[in-house]
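Student: Could we go through this model together, taking the helix packing and then a few single residues?

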Amino acid sequence: MTALAGLSQFLSTLALAGFAGVTLWLLVRPPARMAALMPAPQLLTMAAAATALWCAAVTAFSPGSSQALVVQALRDLAMLGWLGATFWSVRAPMSRPLRLILRMLVTICVLTLVLGAAAHLRAGAEAEPWMTPTLTFAAMVLAVGGLLIVDGGVRHASAGQRMPVMAVAGGFAMLWAYELNVQLIGALTGQTATALIELLPAVALLTLPTYVIAAMDVGRERMRLSRTAAMRTLLLLSAAAYLILIGLAGAVARMVGGDYAVLAQATSLVVALGAGGLLLASARARAWLSVMISKHFFEHRYDYRAEWMRFTATLGQIGGQGGGEDDRNLYRRVAKALAELTGSPAALLMLPDASGGFRVAEQWHWPIGIEEEATLSLRSAFMLQETRHIVDLDAQRRGHEGEDLAIPDWLIADQRAWVVVPVLHFQRMIAVAVLHRPAVSRALDWEDLDVLRIAGQQAASYLAESQSQQALSEARRFDEFNRRFAFIMHDIKNLASQIGLLARNAERHADKPDFRADMVETLKISAGRLSDLLVRLSPRERGPAAEAGRILVEPILNNIAAEARPRRALFVGCQTGLSAWGDAESIRQIVQHLVANAIDASDAGAPVQVVAVAEQGRARIDVIDQGSGMTRGFIRDELFKPFVSTKEAGFGLGAFEALQIAQALGGSIEVVSEPGKGSNFTLWLPLADARGDAGVDARMMKVASK
């Protein structure tokens, strides 16, 4: 036995022990922890076990023997299975060409394993001479195909995988590239590359640490060195590695006593493939090395410069000719930018609604299944705004969060939801982002929280600017309304002058029949013109702001019922002595508008009810009709928006102004309605005396205004 063969035997035994130990270690690792680190941990264990069997065959026979090549097919089959399950999924399937290549490679592995094992069992050593060329060709095809699978997998999923998992794929690529090089040298020269084949166990040993690192929770907790320390450490380690490599090459050359150039070639090839395999197989590996050398010694989770440039570019996209839907929708761009920052495949964006809570307003690639009732309550929104917490929903599900943030049940139940990010502009929360769980779920760490917090503030500035632009647009429309009001006031002034002149002439000509006839006609025309102006304008001007105080609700409701008597009889019920905190004119204006809308929406003779009680420490005034009703979509998206009206001559300012007045008084308006079943508008106001809750039923009164 030559010295090189002895070294190969020693390395084979060492590799066998190493992979057997790694297999046992992977088997005892907690399954839940392994599942959080990679998509297919069981297949990684099978790949380690298959590699251990291959090392056993190499140790028992020799590298390059037909027996080792048969077991090598089993090893390649396990490696291909891990690659397919790790880098592709049902939601992100493999492309058709790669799928065909993978199926072909699996078929070759199975045939090689079955036929090779059968031939050796039947013919024994006599099968080796005629089996070896066939097995060598199959190994060459498997090496080429394996490199294609590694390249496709890394390109497909490198952004969402941990670096240690990528290192395993790089180790596979290094092993296949070395074996392909050995087979190509033999095919081109016609001679077996014995030295390279004997060093095959050394290449297998180089891939062993990647299994261990991939199964450890590393890649998140990192040392942060200064640039000077990192560069000096890198130079020292490079120099040390170079000296060790040269020393080992010289020592082995002296042991062999053969051609130093062949050994130097083999050593250089092992080192070059070991260092370049990872870099060539993964674009992320190249990016990591660039960032590490230029800034820090250890890899960061985020390449901050590149990620921030992509984040701001996504937010700042402006839809132009041929632009997609994402380019034209700021809300969708915000959801997309936050999702891509953390490797999340989808996101929801929730915006404030009229009641103070938040509802889903936009989504980016979120799978179907979001209910219309998926909202964030007012209490939960308040807690998120005050605490500024970025919520890890998995921690909430496990009950590890110390503070009750009132996260709604639908978010806790939806396992797709991963993180809740409040989008804060100064002290105000203007949106909430819900990120989809990534392909490989992981716990949030301090780096994730810092990046999401800063990114949320940046996104909030874009949203605030957009909202300011919308407010400016509405202000311009209000300005247009004011100009129109000025023109209409001019017409009203002309009508007033005309009626005044008519009144003055009536003092002198009232006894003339012709004059009286003309006067009646003129008054009819003027009344018609005034009615037209009122229909066009529908003014709802408020008087000077009154100071808030204790206001009895019942007299206001009775006055409104009396004013509405010519049009409709109202059924009024009010708790005796019910007092709200506000000013009478504002409350009257709100209720009068709600009553007018109820009458307009109801058929002639249909009842309209107004009921006022004290409930939950607030004054509640319900205006109930049996009219045409409204859809949920109209209530959510259009009812309380300015300049949106279902009436042909309406300006769409009534509901908007009523809500603004109610909120200025510290109250709100809720709406429950269904098409064809009528509507129930509920006005909530602060209660002047909370003690008025007791005895509601005994003190109710019904008034039918006729």
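**Helices and backbone, by question**

Student: What span should the 28 residues of α5 have, and how far apart are its end C-alpha atoms?

Tutor: The expected span of a helix is 1.5 Å times one less than its number of residues, and helices here are DSSP runs (H or I, at least four residues), as strands are (E, at least two), numbered from the N terminus. For the 28 residues of α5 the expected span is 40 Å, and this agrees with the distance between its end C-alpha atoms, which is 40 Å.

Student: Before we continue, what kind of model is this, and what conventions apply?

Tutor: Residues are numbered from 1 along each chain as its sequence is written, and side-chain values use heavy atoms, with hydrogens and water left out. This is a predicted model, in which local features need pLDDT of at least 70 and side-chain atom pairs count only at pLDDT 80 or more, while totals for chains, interfaces and linings use all residues.

Student: How are α4 and α5 oriented to each other, and what is the hand of their crossing?

Tutor: Helix α4 (residues 66-87) and helix α5 (residues 96-123) have axes 9 Å apart and an angle of about 150°, where axes are lines fitted to C-alpha atoms, for helices over the stretch in contact, and angles run from 0 to 180 degrees between N-to-C directions. Angles under 35 degrees count as roughly parallel, over 145 as roughly antiparallel, 65 to 115 as roughly perpendicular and the rest as oblique. The two helices α4 and α5 are therefore roughly antiparallel, and their crossing (left-handed if the near helix is turned anticlockwise from the far one by less than a right angle, right-handed if clockwise) is left-handed.

Student: How many nonpolar, polar and charged residues does the contact of α13 with α15 have?

Tutor: Helix α13 (residues 304-315) and helix α15 (residues 330-341) pack at about 165° with axes 8 Å apart, and their crossing is right-handed. Contact means heavy atoms within 4.5 Å, and on the α13 side E307, R310, F311, T314 and L315 take part, meeting residues of α15 that include R333, K336 and E340. With Ala, Val, Leu, Ile, Met, Phe, Trp, Tyr, Cys and Pro counted as nonpolar, Asp, Glu, Lys and Arg as charged, and the others, Gly among them, as polar, the contact of α13 with α15 has 7 nonpolar, 1 polar and 5 charged residues.

Student: Is A339 buried or exposed?

Tutor: A339 lies in helix α15, and, leaving aside its neighbours within four places in sequence, A339 is in contact with S344, A346, A347, W364 and L435. Buried means under 20% relative accessible area, exposed over 50% and partly exposed in between (1.4 Å probe, protein chains only). At 0% relative accessibility, A339 counts as buried.

Student: Where does R388 lie, and what is its relative accessible area?

Tutor: Most residues other than glycine have a negative phi. R388, although not a glycine, has a positive phi of about 60°. R388 lies in the loop between α16 (378-387) and β4 (391-392) and is partly exposed, with a relative accessible area of 33%.

Student: Which relative accessibility does F426 have?

Tutor: F426 also is a residue other than glycine with a positive phi, near 60°, and its place is in the loop between β5 (417-425) and β6 (428-436). F426 counts as exposed, at a relative accessibility of 67%.
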